[in-house]
Amino acid sequence: MFSAKTYTARRHELRTKIGSGIILLPGNSLSPNNYPNNAYYFRQDSSFRYYFGLNVPSVVGVIDADTGEEALYGDDFTVEDIIWTGPQPTLREMGAEAGVTATFPMAELEKRLRRAISLGRRVHYLPPYRGETKLQLSALLGIKPALLHDYKSVDLMFAVAEMREKKSAEEVEEMERAFRIGYEMHTTAMRMCRPGVVERQIAGAIEGVAKSQGQGVSFPSIVSQHGETLHNLNADGVLEEGRLLLCDAGGETVEGYCSDHTRTYPVSGRFTQKQKDIYNIVLAAHDHVARIVKPHMMYTEVHNAAYMTLAEGLVGLGLLKGPAADAVAAGAMTMFMPHGLGHGLGMDVHDCEAMGERSFDYGSIAERAAESGTCVYRAAWRIEPGTVMTDEPGLYFIPALIDKCRAEGKYKGIVDYDALEAYRDFGGIRIEDDILVTESGSRIIGDRKIPVTVEELEGLKSLF
């Protein structure tokens, strides 16, 4: 846990940014798995934890931006609870860890908020992403769940994103720890990769690494020979000679900071020439991005640089008809890489996206989003010192998408659809590392390198 001084300073900065009103930051509750007392693995809301530091369920943080008062609301464990859980700290004791002295029973929170609302005070809250939180906010504020997004605080969204995106030195240390978990996960997967192994055996083993060294995986691991399916969570395949295994996985430290890496390598231990050609194009895009990222760049600039490198490689193979810039301008690269070059990373594997572009239509606040320039809206994202972002270009041969584009007459004269026929069963390749933007440039996070070149991947047996 970071020090109480750190959390106090963060709350003070947030209060200054918001200026007036009540800031409401609910922590997550337990979610039942298959009956009430058997819960899913608990994961705290990242923004609550960022400002209050507590990794326990059913606690709410309140900051009064006008008076400076900070309070925690929750209920102490009863004897009946302790029978099952053992002795637990009181809310007051937990508050002391976060530098908060005022603590109250949860029943008092609704009264406080209703009183504030009756006085015409603004209650700031982030867009909720969990059903339990939506119901809680609905009950506390008297707003129907379907209308909660209409009253969300845009001021709070961007204030939180601006703070969370710029990582402090101690946060960077945590992300280095997350890298080390990810390194062990990926090298474990590499050691296990051989014909006859079931994909879920590898997925299970690397999840065990994540849980033994931290809080667990930072997202459900993707371990699949069908790399053309971007988020393929089906891990029932048996590894086969001649195919590629894509492993997209990351770990989370006990403090809740994430890593996210992808490697793609041959099941047999040797790339075919066709696989090597595509792999080296993706690696060139990955390395180019790592070289050019620097403060104040727009994310779209980095994304398009990756597209250009990929397009140049495909022109060289005869799958695109040049020049590469025409293919990028026509949108043809979306057929080969239908995702963004990367995303923010920190306490969430897609940092701050719980309140980002996927939670509602940003068109209505596009001007404000551009002014803030945070990772919650990638179309206007301006990377700054302290930003951590993923660098994950890929090339995917998705038969359904290729057929759709061909049938619609898209990219005529640019894509050689006849040449693509030889790649229908190729799959997909993605390579991913995590980049920290510094004052003068950037660097890949980690004190070592997860094997990534063709030579390193083909020489894995000698490495391990």
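Helices here are DSSP runs of H or I with at least four residues, numbered from the N terminus. This is a predicted model, in which local features need pLDDT of at least 70 and side-chain atom pairs count only at pLDDT 80 or more, while totals for chains, interfaces and linings use all residues. Residues are numbered from 1 along each chain as its sequence is written, and side-chain values use heavy atoms, with hydrogens and water left out.

Let's start with the second largest pocket. A pocket is an open set of points on a 1 Å grid over the protein atoms alone where a 1.4 Å probe fits, with protein on both sides within 12 Å along at least five of seven lines; lining residues have an atom within 4 Å of a point. Helix α3 supplies the largest share of this pocket's lining, 3 residues. In total 16 residues line the pocket, and L30, P57, S58, D75 and F77 sit nearest its centre.

Now for Y51, which belongs to helix α2 (residues 46-52). Y51 is buried (under 20% relative accessible area, 1.4 Å probe, protein chains only), at 0%. Its contacts (heavy atoms within 4.5 Å) include Y7, R10, L25 and M163, leaving aside residues up to four places away in sequence.

What about disulfides, meaning pairs of cysteine sulfur atoms within 2.5 Å? The count is 0. Two cysteines show why, as their closest cysteine sulfurs are too far for a bond:

| Cysteine | Closest cysteine sulfur | Relative accessibility |
|---|---|---|
| C193 | C247, 9.3 Å | 12%, buried |
| C352 | C375, 4.7 Å | 1%, buried |

Definitions and conventions
Helices (H or I, at least four residues) and strands (E, at least two) are DSSP runs, numbered from the N terminus. Buried means under 20% relative accessible area, exposed over 50%, partly exposed in between (1.4 Å probe, protein chains only). A disulfide is a pair of cysteine sulfur atoms within 2.5 Å.
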